[in-house]
Amino acid sequence: MRFEKFTNRLQQVLSDAQSLATGKDHTAIDGLHILATMLEEPSNLSLLQQAGARLPELKQKLEQALKDAPTITNPTGDVNLNPEAVKVLNLADRHAQKAGDEFLSTDWVLLALTETGSTKSLLNSVGVTTDTLRKVIESIRGNDKVMS
């Protein structure tokens, strides 16, 4: 992963995801934490809605999934990315590189969340598929690249 190539917004998303996982005494940061923090950004909500997401249902299912996530009894405050979250970021990085972006942005992470792990089934269950979201991202971006 190219952490130095994350946009400021993506860095904030990951920081917020870590804070969310820590605050809930979860064992690690996973795709659910990343998705939850991404839903706080109106542009991400717009992308998902344009891709067919039933947002109230998504928020309800996500909240339940976070409640059901494993917790630790003696939290140390040391919460790291689990393998699922690392895979999401690597997939997103691959999308960014194929698109010719110099920096990894949240839209590619959102797309990667539709491709793997618990977020894939969650997003699919509320009407979002990888193909649909990719088309929405590409139509909004056009030929624009993320260069800073």
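Me: Why is R134 called partly exposed?

Reply: In this predicted model, R134 has a relative accessible area of 25%. Partly exposed covers the range between buried, under 20%, and exposed, over 50%, so a residue at 25% counts as partly exposed.

Me: And what makes E115 and R134 a salt bridge?

Reply: Their side chains are 4.0 Å apart, N to O. The rule asks for a side-chain nitrogen of Lys or Arg within 4 Å of a carboxyl oxygen of Asp or Glu, so the pair of E115 and R134 qualifies. E115 is in the loop between helix 6 and helix 7 (117-125), while R134 belongs to helix 8, so the bridge ties together parts 19 residues apart in sequence. E115 is partly exposed too, because its relative accessible area is 25%.

Me: Which residues are joined into one network by salt bridges that share partners?

Reply: That network consists of R54, E57 and K61.

Me: How do you know that K61 and E57 form a salt bridge?

Reply: Their closest N and O atoms are 3.2 Å apart. The cut-off is 4 Å, so this pair of a Lys and a Glu meets the definition. Both residues sit in helix 4 (residues 55-68), four residues apart, which is about one turn of the helix.

Me: Are K61 and E57 buried or exposed?

Reply: Each falls in between. K61 has 30% relative accessibility and E57 has 23%. Buried would need a value under 20% and exposed one over 50%, so K61 and E57 both count as partly exposed.

Me: How many salt bridges does the structure hold?

Reply: Five. Another one of them pairs E41 with R9.

Me: What makes E41 and R9 a salt bridge?

Reply: The closest N and O atoms of E41 and R9 are 2.9 Å apart, and the definition accepts an Arg nitrogen within 4 Å of a Glu carboxyl oxygen. The pair links distant parts of the chain: R9 is in helix 1, E41 is in the loop between helix 2 and helix 3, and 32 residues separate them. E41, at 24% relative accessible area, is partly exposed, and R9, at 27%, is partly exposed as well.

Me: Why is helix 3 called oblique to helix 6?

Reply: Helix 3 (residues 42-50) and helix 6 (residues 106-113) pack at an angle of about 45 degrees, and their axes are 11 Å apart. Under 35 degrees would be roughly parallel, and 65 to 115 roughly perpendicular; an angle of about 45 degrees belongs to neither range, so helix 3 is oblique to helix 6. The crossing of the two is right-handed.

Me: Which residues make the contact of helix 3 with helix 6?

Reply: Helix 3 brings N44, L47 and L48, and helix 6 brings T106, D107 and L110. By class, three of these residues are nonpolar, two are polar and one is charged.

Me: Why is V136 called buried?

Reply: V136 has a relative accessible area of 8%. The limit for buried is under 20%, so V136 is buried. V136 lies in helix 8 (residues 130-141) and, beyond its neighbours within four places in sequence, is in contact with L47, Q50 and A51. V136 and G52 are 9.9 Å apart, C-alpha to C-alpha, although 84 residues separate them in sequence.

Me: What makes helix 2 mostly covered?

Reply: Eight of its eight residues are buried, among them G31, H33 and M38. Their cover includes helix 1, helix 3, helix 4, helix 5 (83-99), helix 6 and helix 7.

Me: How do you know whether H26 is buried or exposed?

Reply: H26 has a relative accessible area of 2%. That value is under the 20% limit, so H26 is buried, and its place is in the loop between helix 1 and helix 2. Not counting residues up to four places away in sequence, H26 touches A21, H33, L66, A69, P70, T71, I72 and V79.

Me: Where is D25, and why is it called partly exposed?

Reply: D25 is in the loop between helix 1 (8-23) and helix 2 (31-38). Its relative accessibility is 30%, which lies between the 20% and 50% limits, so D25 counts as partly exposed. D25 also has a positive phi of about 55 degrees, although it is not a glycine.

Terms used
Residues numbered from 1 in each chain as written. Predicted model: local features only at pLDDT ≥ 70, side-chain atom pairs only at ≥ 80, totals over all residues. Heavy atoms only, no water. Axes fitted to C-alpha atoms, helices over the stretch in contact; angles between N-to-C directions. Parallel < 35°, antiparallel > 145°, perpendicular 65-115°, else oblique. Left-handed = near helix turned anticlockwise from the far one by under 90°. Contact = heavy atoms within 4.5 Å. Nonpolar A, V, L, I, M, F, W, Y, C, P; charged D, E, K, R; others polar. Buried < 20%, exposed > 50% of the residue type's maximum accessible area, 1.4 Å probe, protein only.
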